[in-house]
Amino acid sequence: MTETKVLIVEDEQAIREMVAFHLTRAGYSVLQAEDCRTARALLADERPEIALIDWMLPDISGLELTRMLKRDKDFKELPVIMLTARAEEHDKVSGLDSGADDYITKPFSPRELIARIKAVLRRSAGNDGELLAMGILQLDVLGQRVKSAGDAVRLGPTEYRLLEFFMTHPDRVYSRAQLLDRVWGANVYVEERTVDVHVRRLRKALSDSHADKYIQTVRGSGYRFSIKDK
Ligand code: CA
């Protein structure tokens, strides 16, 4: 099996090398570019499976690079994860419709980034047969089945989508509004406490195996999925 090739476009050398180190260790092959010009030059000969593009780059913005790629017939299928420095940039990335497939805010953990890469690649390949595993939880994306410590867990459709979102976005706090946006969809009008109702149901379904502890309440902020202790 050939290694999945990841292009990272990031001018901050420390971040670029940290990402390259962890991705290489996780079995990916990594192409590095410090600006858009270098990225374009690399793309003349290389065909990465996914690109991680920083928002703020020294020549043109990562947003503009993403748009250029999405307009290019050779690269429009290339999935892009934007790396953003602040939450406001998040909103802009989604609001401006750059065509990015997902985005992640700095600082991020290598585990979070790799989970995100796998989720985006799985979606873009339409290959949903993969199992997601985190701690004692296993999620079969194609069958929409969940196991905890080896036992089947029955979930409603919303609880399932919530758990899938959590497992592909670990170790980060999401507000109720962000969860509504990402799990329920931006145009659905429901109250924020709806999130609490479904989180409660999800926790209850996971409580027999004690996997409910992975879904952590962060007071005043929202929820975080983590297999590490608080
Ligand atoms: Ca930058």
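## Helix packing and cores: worked exercises

The crossing of α2 and α3 is right-handed. Keep in mind that you're working with a predicted model.

**Exercise 1.** Work out how α2 and α3 are oriented relative to each other, and which residues make their contact.

*Solution.*
- Start with the geometry: helix α2 covers residues 36–43 and helix α3 covers residues 62–71, and their axes come within 11 Å and cross at roughly 25°.
- Angles under 35 degrees count as roughly parallel, so α2 and α3 are roughly parallel to each other.
- Now go to the side chains. From α2 you have C36, A39, R40 and L43, and these meet L65, M68 and L69 of α3.
- Sort those residues by class and the contact of α2 with α3 comes out as 6 nonpolar, no polar and 1 charged.

**Exercise 2.** Do the same for α6 and α7: are they roughly parallel or roughly perpendicular?

*Solution.*
- The axes of α6 and α7 come within 10 Å, with a crossing of roughly 110°.
- The range 65 to 115 degrees counts as roughly perpendicular, and that makes α6 roughly perpendicular to α7.
- On the α6 side, the contact uses T158, R161, L162, F165 and F166; on the α7 side, it uses L179, R182, V183 and W184.
- By class, the contact of α6 with α7 has 6 nonpolar, 1 polar and 2 charged residues.

**Exercise 3.** Find which residues touch the most other members of the largest nonpolar core, then follow L179 through its contacts.

*Solution.*
- A general point to begin with: in soluble globular proteins, nonpolar side chains tend to be buried together.
- Here, the largest nonpolar core has 28 residues, and L137, L163, L179 and F225 touch the most other members.
- Elements giving two or more residues to this core include β6 (131–134), β7 (137–140), α8 (193–206) and β12 (222–225). The largest share, 6 residues, comes from α6.
- Leaving out residues up to four places away in sequence, L179 touches L162, F165, F166, Y174, W184, V195 and Y223.
- Don't stop there: a second, separate core of 19 residues includes A33, I53, F75 and V80.

**Exercise 4.** Is R176 buried or partly exposed, and what does R176 touch?

*Solution.*
- Place the residue: R176 is in helix α7.
- Its relative accessible area is 23%. Buried means under 20%, so R176 is partly exposed.
- Skipping residues up to four places away in sequence, R176 touches E192, V195, D196, S221, G222 and Y223.
- For a distance check, take K213: R176 and K213 are 37 residues apart in sequence and 18 Å apart in space, C-alpha to C-alpha.

Methods. Residues are numbered from 1 along each chain as its sequence is written. This is a predicted model: local features need pLDDT of at least 70, side-chain atom pairs count only at pLDDT 80 or more; totals for chains, interfaces and linings use all residues. Side-chain values use heavy atoms; hydrogens and water are left out. Axes are lines fitted to C-alpha atoms, for helices over the stretch in contact, and angles run from 0 to 180 degrees between N-to-C directions. Helices (H or I, at least four residues) and strands (E, at least two) are DSSP runs, numbered from the N terminus. Angles under 35 degrees count as roughly parallel, over 145 as roughly antiparallel, 65 to 115 as roughly perpendicular and the rest as oblique. A crossing is left-handed if the near helix is turned anticlockwise from the far one by less than a right angle, and right-handed if clockwise. Contact means heavy atoms within 4.5 Å. Ala, Val, Leu, Ile, Met, Phe, Trp, Tyr, Cys and Pro count as nonpolar, Asp, Glu, Lys and Arg as charged, and the others, Gly among them, as polar. A nonpolar core is a set of buried Ala, Val, Leu, Ile, Met, Phe, Trp, Tyr and Cys residues joined through side-chain atoms within 4.5 Å. Buried means under 20% relative accessible area, exposed over 50%, partly exposed in between (1.4 Å probe, protein chains only).
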